[in-house]
Amino acid sequence: MKICVVGAGSFGRALAGLLGEKWGEDSVCLWKRGDDFAPLLCGVDFAVYAVPAQAFREVFAASMVCLSPKTIVINVAKGIELNSLKRLSQIADELRPEICYVALSGPSHAEEIQLGLPTTVTVCSEDEEAALKAQDLFMTENFRVYTGSDMAGTEVGGAVKNVIALAAGISDGLGFGDNTKAALMTRGMAEITRLGVALGARPETFLGLTGFGDLIVTCTSMHSRNRRCGILLGQGVPASDAIAQIGMVVEGASTARSALCLAEKLKVDMPITEAVCAILDGKASPKETVCRLMTRERKPE
């Protein structure tokens, strides 16, 4: 078994540790920015990409020449590319259409994986054999892995929940309570589902680990960078300063804009996402956006 984890952030290191413990440290290598891809990726069975979503195209394009046609690519990033508005599987297909591509998603904070706490995720692929191989790769007594085939649903759920987590954090920063957060999460999932279905996803996907499971953990945990950034926004910190204080990539900030552009293109109503974008762009204060959301035209649920 030969595995390369591409990306040495917290999640990449957590997965490298998990895989090293299962398959032996000699079976796993970790690529860090600045390293040469060739000696690490040539001949690997699995290439696990753990780089920020907006960097995936650049890193995958630079590294894909080292990949064997038999290599299974597993991507753990969650986002929608700005400008192109493509999901990450679509970028991989554009650059290397013959590659076996798998998305790993679900409620899985790196800090808890590193501690060996019970965690459950889904590996999704349009290639059933690739999904089963990825399941076998990661499955341990503390890391349970399901398989799935709804790529659009898995990717939209994983990406847009970061936007709703920003909103949940903003609510916390404003001093609101559990009622508010429950409403944001529930109506946020309605937005996620509408966008996903418009992109060809199955509605039931959003009831699973890559939907509500990921949304719950990201909106409620202080491990969540998106929630912590939202708290700062709710307290009145400008977006650029809030992101700088987090000190790491806040995926929801870029995904909010790309998701809203997709929604406008597909004529999908996403008022919470629109409100988050207005706060990020300094066009409205958090309190103003709450008022607008609460006084929207009445309608059935």
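## Helix packing and aromatic pairs in a predicted model

Helix α7, which spans residues 151-173, packs against helix α8, residues 178-198, at an angle of about 155°, and the axes of the two helices lie 9 Å apart. Because angles over 145 degrees count as roughly antiparallel, α7 is described as roughly antiparallel to α8. The crossing of α7 and α8 is right-handed. These values, like those that follow, come from a predicted model.

On the α7 side, the contact is made by Val-156, Gly-157, Val-160, Lys-161, Ile-164, Ala-167, Ala-168, Ser-171 and Asp-172, while α8 contributes Thr-180, Lys-181, Leu-184, Met-185, Gly-188, Ile-192, Leu-195 and Gly-196. Sorted by character, the residues of this contact between α7 and α8 comprise 9 nonpolar, 5 polar and 3 charged.

Both helices also take part in the surroundings of helix α9, residues 209-220: the elements covering the buried residues of α9 include α7 and α8, together with β5 (100-105), β6 (119-124) and α10 (225-234). The buried residues in α9 are Thr-210, Gly-211, Gly-213, Asp-214, Leu-215, Val-217, Thr-218 and Cys-219.

Turning to the aromatic side chains, the count comes to 5 aromatic pairs. Two of the pairs are set out below.

| Pair | Centre to centre | Between planes | Class |
|---|---|---|---|
| Trp-31 and Phe-37 | 4.6 Å | 15° | stacked |
| Phe-56 and Phe-60 | 5.3 Å | 20° | stacked |

The pair of Phe-56 and Phe-60 is classed as stacked because its planes stand at 20°, and planes under 30 degrees apart meet that description. Phe-56 and Phe-60 both belong to helix α3, residues 56-63, where, being 4 residues apart, they are separated by about one helical turn. In general, an α-helix has 3.6 residues a turn, so residues three or four places apart point the same way. Phe-56 counts as buried, with a relative accessibility of 0%, and Phe-60 likewise counts as buried, at 0%. Together with Tyr-49, Phe-56 and Phe-60 form one aromatic cluster.

For the pair of Trp-31 and Phe-37, the accessibility values again lie on the buried side of the cut-off: Trp-31 is buried because its relative accessible area is 5%, and buried means under 20%. Phe-37, at 12% relative accessibility, counts as buried as well.

How values were computed:
Residues are numbered from 1 along each chain as its sequence is written. This is a predicted model: local features need pLDDT of at least 70, side-chain atom pairs count only at pLDDT 80 or more; totals for chains, interfaces and linings use all residues. Side-chain values use heavy atoms; hydrogens and water are left out. Axes are lines fitted to C-alpha atoms, for helices over the stretch in contact, and angles run from 0 to 180 degrees between N-to-C directions. Angles under 35 degrees count as roughly parallel, over 145 as roughly antiparallel, 65 to 115 as roughly perpendicular and the rest as oblique. A crossing is left-handed if the near helix is turned anticlockwise from the far one by less than a right angle, and right-handed if clockwise. Contact means heavy atoms within 4.5 Å. Ala, Val, Leu, Ile, Met, Phe, Trp, Tyr, Cys and Pro count as nonpolar, Asp, Glu, Lys and Arg as charged, and the others, Gly among them, as polar. Rings of Phe, Tyr and Trp (its six-membered ring) pair if their centres lie within 6.5 Å; planes under 30 degrees apart count as stacked, over 60 as edge-to-face and the rest as tilted. Buried means under 20% relative accessible area, exposed over 50%, partly exposed in between (1.4 Å probe, protein chains only).
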